[in-house]
Amino acid sequence: MENIRFENGALYLLDQSLLPNQEVYIAPQTKEDYFFAIKKLQVRGAPAIGIFAAYAMALLDTDKYELKKYLDSARPTAVNLSWATQRMLSAYNEGKDLIKEAQSIHNEDRERCCKISEYGLSVLNDGDGILTHCNAGALATSSYGTGLGPLLLGKEKGYNFHVFSDETRPLMQGARITAYELEKAGIDVTLICDNMASTVMKQGKINAVLVGADRIAANGDTANKIGTSGVAVLAKHYGIPFYVLAPTSTIDFNIETGKDIIIEEREPSEIKELNFREPVALPETKCYNPAFDITDGSLITAIITEKGIIKNPSKENMEKIK
């Protein structure tokens with residue numbers, strides 16, 4: 001299933017906020033439509049956000065400089081967003097065909113996903129138990145995905161995996177989207193609560209952890225969906241390899257360490273109301289709702305990109321992938 005389609009001069013987006021119960025495509029028309037789609041997670045996953053924003057830059061007839069600033073502010077942690085809008089702005093200044101440039105970004109991501117998936121599959125074995133957190137499949141990118149890419153590619157090649165998918169609170173992407181994608185692909189998947197990760201690791205059911213990333217610092221620290229760093233600590237404790245899969249466009253060499261990554265904070269309603277029939281906390285109860293946390297590079301076994309595998313991420317090893 002395609003998450004972003006460009007057909008006959010119009011863009012169509014699968015509204016991921018409605019999954020898994022409804023499969024609805026929307027057609028954004030205004031800059032506010034595009035901003036809302038990014039902010040409210042109708043489109044999500046760093047690569048997919050970048051692709052979507054590239055089409056926005058191409059299709060909207062407005063000041064491109066202001067449009068870039070406006071779109072970038074929707075999800076500040078996802079570096080692919082600002083990367084894509086900057087590339088589109090440069091193409092605009094050079095007089096290039098912006099539709100073709102956006103399509104190039106889209107096609108290049110497909111190629112990167114295929115390569116990432118191949119490299120990722122090389123570190124796995126048939127029959128492995130895999131833990132995932134959040135969603136980094138085809139719906140978060142363009143094809144195959146990053147964190148889920150090796151599993152989807154492996155399925156095509158006859159591999160059999162058993163996946164344990166963390167539900168990933170509070171937005172439940174692991175439940176709503178990862179489990180949905182894997183079920184659709186015919187991959188054996190079991191949904192677990194986030195706090196069950198330690199139990200399945202201790203029981204010997206997990207051979208590897210696969211996750212995506214929204215921004216990677218020069219030293220290998222990564223911004224992942226909130227809760228990922230806790231999974232990394234558990235994996236380290238139990239001696240389980242922890243892999244981050246992401247395109248090189250997610251690596252921000254202008255940021256030295258994870259301390260420099262801006263962490264997006266989201267609305268309290270996502271914790272208290274979003275997935276419940278009635279609020280689960282009083283209106284006056286304060287909430288802290290960061291969308292991401294930082295996984296220390298020392299906890300990561302390898303970062304897997306379309307250019308190869310960076311083992312034991314460090315500033316020195318990261319430089320080799322430039």
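In this predicted model, Arg215 stands opposite Ala223, a residue of strand S9. The pairing to which this contact belongs joins strand S8 (residues 215-217) and S9 in the antiparallel sense, over 2 bridges. Both strands take part in an open sheet of 4 strands, whose order is S11-S8-S9-S12 and whose pairing is mixed. Strand S11 (251-252) and strand S12 (292-295) stand at the edges of that sheet; each has a single partner strand, so one side of each is left without a neighbour in the sheet.

**The N-terminal strands**

Strand S1 (residues 4-7) and strand S2 (residues 10-14) run antiparallel and are joined by 4 bridges. Within this pairing, Ile4 has Leu13 of S2 as its bridge partner. The hairpin formed by S1 and S2 has 2 residues between the strands. Asn8 lies in the loop between S1 and S2, and its phi is positive, at about 50°, although Asn8 is not a glycine. Most residues other than glycine have a negative phi.

S2 also pairs with strand S3 (residues 25-26), again in the antiparallel sense, over 2 bridges. Here Leu13 stands opposite Ile26 in S3. Leu13 thus appears in both pairings of S2: as the bridge partner of Ile4 and as the residue opposite Ile26.

**Cis peptide bonds**

Most peptide bonds are trans. The bond from Leu19 to Pro20, however, is cis, with omega near 5°. Pro20 is found in the loop between S2 and S3. A cis peptide bond also joins Arg169 and Pro170, where omega is about 0°. Pro170 belongs to the loop between strand S5 (162-166) and helix H7 (173-185).

**Helix packing**

Helix H1 (residues 31-39) packs with helix H3 (residues 64-72) at an angle of about 25°, and their axes are 9 Å apart. Angles under 35 degrees count as roughly parallel; H1 and H3 are therefore roughly parallel to each other. Their crossing is right-handed.

**Cavities**

The model contains 2 cavities of 30 Å³ or more. Their volumes and the classes of their lining residues are set out below.

| Cavity | Volume | Lining by class |
|---|---|---|
| Largest | about 290 Å³ | 13 nonpolar, 9 polar and 5 charged residues |
| Second largest | about 40 Å³ | 5 nonpolar, 3 polar and 2 charged residues |

The largest cavity has a volume of about 290 Å³. It is lined by 27 residues, of which Arg44, Gly45, Cys134, Asn135 and Asp214 are the closest to its centre. Helix H2 (46-59) and strand S9 (222-225) each supply at least two residues of this lining. S9 therefore has a place in two parts of this account, since it pairs with S8 over 2 bridges and also contributes to the lining of the largest cavity.

The second largest cavity is lined by residues including Pro47, Gly50, Ile51, Asn80 and Trp83. Ile105, Asp109, Arg112, Pro247 and Ser249 also belong to this lining. H2, helix H4 (79-93) and helix H5 (98-121) each supply at least two residues of the lining of the second largest cavity. H2 contributes at least two residues to the lining of the largest cavity and at least two to that of the second largest cavity.

Note on methods: Residues are numbered from 1 along each chain as its sequence is written. This is a predicted model: local features need pLDDT of at least 70, side-chain atom pairs count only at pLDDT 80 or more; totals for chains, interfaces and linings use all residues. Side-chain values use heavy atoms; hydrogens and water are left out. Two strands pair if DSSP finds at least two bridges between them. On a 1 Å grid over the protein atoms alone, a cavity is a set of points where a 1.4 Å probe fits but cannot get out, and a pocket is an open set with protein on both sides within 12 Å along at least five of seven lines; lining residues have an atom within 4 Å of a point. Grid points are joined across faces, edges and corners, and a volume is the space filled by probe spheres set on the points. Ala, Val, Leu, Ile, Met, Phe, Trp, Tyr, Cys and Pro count as nonpolar, Asp, Glu, Lys and Arg as charged, and the others, Gly among them, as polar. Axes are lines fitted to C-alpha atoms, for helices over the stretch in contact, and angles run from 0 to 180 degrees between N-to-C directions. Angles under 35 degrees count as roughly parallel, over 145 as roughly antiparallel, 65 to 115 as roughly perpendicular and the rest as oblique. A crossing is left-handed if the near helix is turned anticlockwise from the far one by less than a right angle, and right-handed if clockwise.
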